[in-house]
Amino acid sequence: MRHVSAWALVLLLGCGSSGRKQPTGDGGAGTDVDGSTNPMPDRPGSDSATDRSSSSDVAGDRNTASDGTTATDMGRADGSTMNPIPANPVVEEVRAGFTFVEGPVWFASTGELFFTDIPQNTIWRHTPPSTFEVFRMPSANTNGLAIAPDGALIACEHSGRRVSRSMGTAAPTLVVDRWPGGGGTTAGRLNSPNDAIVRRDGTIYFTDPDYGVSMAMRELTFTGVFRVDPAGQIFLVSRDLARPNGIALSPDERILYVTNTTPAQLRAFPVNADGSTGAGTVFTPLARPADGIAVDDAGNIYATTSMGVEVIRPDGQAWGTIRLPRGGATNCTFGDPDRRTLYVMANGNGMGWVYRVRLNIPGKP
């Protein structure tokens with residue numbers, strides 16, 4: 001999930017938070033590379049503002065693997081892996097008219113899609129097929145959303161510079177807004193929480209790049225990936241990603257995936273039984289910087305980029321790319337009762353769209 005220059009001034013206001021629960025604990029596994037000296041890159045997808053077709057319900061062609069094999073032909077050697085992309089995927093526009101949409105998450109219990117419009121300071125609720133309602137405004141410029149096992153909505157608040165949780169329509173309460181230091185780092189307020197995923201035991205993993213926060217406002221000397229355990233303690237997963245962005249778990253929750261905007265990579269961290277993580281590795285380089293990610297039940301990874309949604313096999317090879325009619329993809333999630341609809345957020349030229357496409361394999365909401 002990316003920084004949006006149109007609302008940078010809003011974030012520079014530096015909205016504070018109160019009632020902070022004091023996190024404890026020091027860093028978990030990870031290397032000690034300080035990403036704070038890296039220059040801020042162009043936001044991923046900044047070259048995707050032009051329309052790609054005149055139709056809103058037809059996807060473009062898919063990528064070809066480096067060996068010339070098309071996405072339809074690719075699979076494991078034993079033929080056991082199904083291509084998640086239909087032969088002729090139909091990308092349907094659900095609604096246009098937003099400013100910059102992000103953070104989709106599907107509530108299976110109510111059959112609703114929640115997503116954010118960051119510069120409009122709004123969390124939206126969509127009930128298929130066509131109902132849209134404002135769920136929360138103001139939203140502290142919330143970006144990424146996630147669902148806790150108890151049904152709480154987890155929100156990465158940009159201008160709040162914190163991770164919050166809320167039940168139903170109740171006001172959000174603090175999960176964490178500070179790193180207490182440790183692992184060779186000093187304490188300080190979080191930069192700009194971006195995206196989150198929650199494990200079945202309630203462990204929250206989130207990314208904290210520096211999009212939307214000036215150097216003068218920064219208190220941390222690094223951009224990090226963090227873990228908050230069910231007791232509320234915060235741990236450092238990694239501080240060696242210059243621009244950590246999207247985040248997701250494998251179906252068995254043994255791998256934590258994180259996109260790194262610069263360089264364009266997908267990182268993987270082994271997850272232990274207690275939720276702690278091992279050192280990360282480069283799972284696969286990406287052709288373009290990726291934003292939010294989702295994972296299906298077969299372990300395929302869906303990475304949103306300026307070209308659409310790049311679909312990657314569990315072995316790191318590419319299935320192909322689901323093209324969008326307009327805009328560059330910024331995040332996605334699985335939804336609908338059978339979990340086979342991929343809802344995709346897309347943006348370009350100051351406009352935002354919500355799309356959906358039916359796939360062959362269900363995925364994690």
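This report describes one sheet, the cysteines and the nonpolar cores of a predicted model.

## Basis of the model

Residues are numbered from 1 along each chain as its sequence is written, and side-chain values use heavy atoms, with hydrogens and water left out. Because the model is predicted, local features need pLDDT of at least 70 and side-chain atom pairs count only at pLDDT 80 or more, whereas totals for chains, interfaces and linings use all residues.

## A four-stranded sheet

Four strands (DSSP runs of E, at least two residues, numbered from the N terminus) form an open sheet in the order E2-E3-E4-E5, with antiparallel pairing; two strands pair if DSSP finds at least two bridges between them. Strand E2 (101-107) and strand E5 (131-136) stand at the edges with a single partner strand each, so one side of each is left without a neighbour in the sheet. From one strand to the next the twist averages 25 degrees, with axes fitted to C-alpha atoms and angles running from 0 to 180 degrees between N-to-C directions.

Strand E4 (residues 122-127) pairs with E5 in the antiparallel sense over five bridges, and Arg125 stands opposite Glu133 in E5.

## Cysteines

Counting a disulfide as a pair of cysteine sulfur atoms within 2.5 Å, the model has zero disulfides. Cys156 is buried at 0% relative accessibility, and Cys332 is buried with a relative accessible area of 2%, where buried means under 20% relative accessible area (1.4 Å probe, protein chains only).

## Nonpolar cores

A nonpolar core is a set of buried Ala, Val, Leu, Ile, Met, Phe, Trp, Tyr and Cys residues joined through side-chain atoms within 4.5 Å. The largest has 20 residues, and those with the most contacts inside it are Ile154, Val176, Phe206 and Phe226. Among the elements that give two or more residues to this core are strand E7 (153-157), strand E13 (204-208) and strand E14 (224-228). A second, separate core of 19 residues includes Tyr302, Val344, Trp353 and Tyr355.

Notes:
Buried < 20%, exposed > 50% of the residue type's maximum accessible area, 1.4 Å probe, protein only.
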